[in-house]
Amino acid sequence: MTQLSRRRFLGGVSLTGLGMTSIGLAGLGLGACTSPKQPPNNATCQRHASASKQYAFYGQHQAGIITPSQRHIYLLVADLHSLNINDIATMFKNWTRSAASLCQGNNHQAYGDNPHIPPADTGEADSLSAWGLTLTFGISPSFLSKLGLSQFAPPEFVDLPHFAKDQLKDHLSGGDICIQACSDDPQVAFHAVRQLVRQARSLITLRYSRMGFTSSDEDGQTPRNLFGFKDGTANQEVLSNADQHIWVQHPNWLAHGSYMVVRTIAMHLETWDRTSLTGQEETFARHRDTGAPLGQTDEFAPLDIHATHQGKPIIPQVAHSALAKGSNQQILRRSYSYADGIDPKTGQFDAGLLFISFQQSPKQFIDIQNALGTMDKMTEYTTHIGSGLFACFGGVREGEYLGQALFELAKS
């Protein structure tokens, strides 16, 4: 099997050795497909529609930002272990090559023919296709500081301030490097990050990670968070003006990139579940079933925070959406829910929102969060426990590597 990716090969292996006969598979509406890369060879083979979905790694912008949200995320935040800038640049070169291969549904490198050394790839995705994998890379202000590159930081690229009612945990905040892997298959997402970490073990240490999920029945449908409300309705407008709201326009090392905010928000589900439907809708200022603003029927109807009915305000002033709207800022939300077992202190669900937003400037998020302040009714049901700001490089053309413009500045 020299220089042949087992990820291509194993799709043709019979499943009878796993205790599933072809009859059993047919009973499930499935059959033995020849390869995850090839069309089925019989009428009973039912390959999932998302399995062969691919997004290009190379382009003007990094994928995973305006890409339609996949169903799963594996987010990793790491710290620099080495401060040798040449080694770190080489790491990003290697990551670029590996990411491009992984996003095509391949292993990060082909297997060799020496069985006496560890395999080149860990193998858990050998029988899986790309499943719409995207990999998005970002660095923090501390990354620049540790490598002596602070002079190249844009003025707005500083750590996020402490916001009202933050209860941040150190192990869920900060970090030097962020890797966001999104895919319609969770194993594909984890596998990709595992390969990147494996080749950089001597250069980075792991700080924290989070797996998340989101779902919808239709393309373009706004997903719901664990409170049952639609999350990301305003994205439609933001995406129509991406150059104004998302992409950095300055002609520096971050051109065509974006600022990424990561917040871990614990959601107190038991408290929420004891709240009346009216109380829930007044918290969001939206109807739960349709996602429309209170008093409206269309999810995408403009949110008029000054609307009245019979002389009385329709939208509560302390509603989450109303306060955010009052900031006059817009961001692209790309959030995922998480459920991480049971909190041993409370005996309740350890669950919440992995809030991720992309914006042209951190000020957009800061203004919104400050507008929410202490008045936001949502804070009765949520606690912000993690925080981070990362600059996501612009896209990469073939032959280039992630962060190349920054590392070339360091050499000049």
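This tour proceeds through a predicted model, from its nonpolar cores to a helix pair and then to two individual residues.

**First stop: the nonpolar cores**

Begin by selecting Phe-92, Trp-95, Leu-135 and Phe-143. These residues have the most contacts inside the largest nonpolar core, which comprises 72 residues. Next, colour residues 85-102, which form helix 3; this helix supplies eight residues, the largest share of that core. A second core, separate from this one, has 24 residues, and Met-260, Val-262, Phe-358 and Cys-392 are among them.

Return to Phe-143 and display its surroundings. Setting aside residues up to four places away in sequence, Phe-143 touches Leu-80, Ile-88, Phe-92, Asp-176, Ile-177, Leu-406 and Phe-407.

**Second stop: helix 3 and helix 5**

Keep helix 3 on display and add helix 5, residues 186-198. The axes of the two helices are 10 Å apart, and the helices pack at an angle of about 160°. Because of that angle, helix 3 is roughly antiparallel to helix 5. Their crossing is right-handed. To view where they meet, select Trp-95, Ser-98 and Leu-102 on helix 3, together with His-191, Ala-192, Gln-195 and Leu-196 on helix 5.

**Third stop: Asp-121**

Now select Asp-121, located in the loop between helix 3 and strand 2, the latter spanning 134-139. Is Asp-121 buried or exposed? Its relative accessibility is 2%, so Asp-121 counts as buried.

Which residues does Asp-121 touch, not counting those up to four places away in sequence? They are Asn-107, His-108, Tyr-111, Asp-126, His-191, Gln-195 and Arg-198. Of these contacts, His-191 and Gln-195 also appear in the meeting of helix 5 with helix 3. Asn-107 is 14 residues from Asp-121 along the chain, and the C-alpha atoms of the two are separated by 6.5 Å. Within the loop, draw a distance from the side chain of Asp-121 to the backbone nitrogen of Gly-123; the value is 2.9 Å.

**Last stop: Thr-275**

Finally, select Thr-275, which is placed in the loop between helix 8 (269-273) and helix 9 (277-284). With a relative accessibility of 17%, Thr-275 counts as buried, because the cut-off for that class is under 20%.

Two distances are worth displaying here. A polar atom of the Thr-275 side chain lies 3.2 Å from the backbone oxygen of Thr-271. The Thr-275 side chain also makes a polar contact with the side chain of Tyr-381, at 3.3 Å. Apart from neighbours within four places in sequence, Thr-275 is in contact with Gln-280 and Tyr-381.

Terms used. Residues are numbered from 1 along each chain as its sequence is written. This is a predicted model: local features need pLDDT of at least 70, side-chain atom pairs count only at pLDDT 80 or more; totals for chains, interfaces and linings use all residues. Side-chain values use heavy atoms; hydrogens and water are left out. A nonpolar core is a set of buried Ala, Val, Leu, Ile, Met, Phe, Trp, Tyr and Cys residues joined through side-chain atoms within 4.5 Å. Buried means under 20% relative accessible area, exposed over 50%, partly exposed in between (1.4 Å probe, protein chains only). Helices (H or I, at least four residues) and strands (E, at least two) are DSSP runs, numbered from the N terminus. Contact means heavy atoms within 4.5 Å. A polar contact is a pair of N or O atoms within 3.5 Å; within protein, one must be able to donate a hydrogen and the other to accept it, and residues adjacent in sequence count only if both atoms are side-chain atoms. Axes are lines fitted to C-alpha atoms, for helices over the stretch in contact, and angles run from 0 to 180 degrees between N-to-C directions. Angles under 35 degrees count as roughly parallel, over 145 as roughly antiparallel, 65 to 115 as roughly perpendicular and the rest as oblique. A crossing is left-handed if the near helix is turned anticlockwise from the far one by less than a right angle, and right-handed if clockwise.
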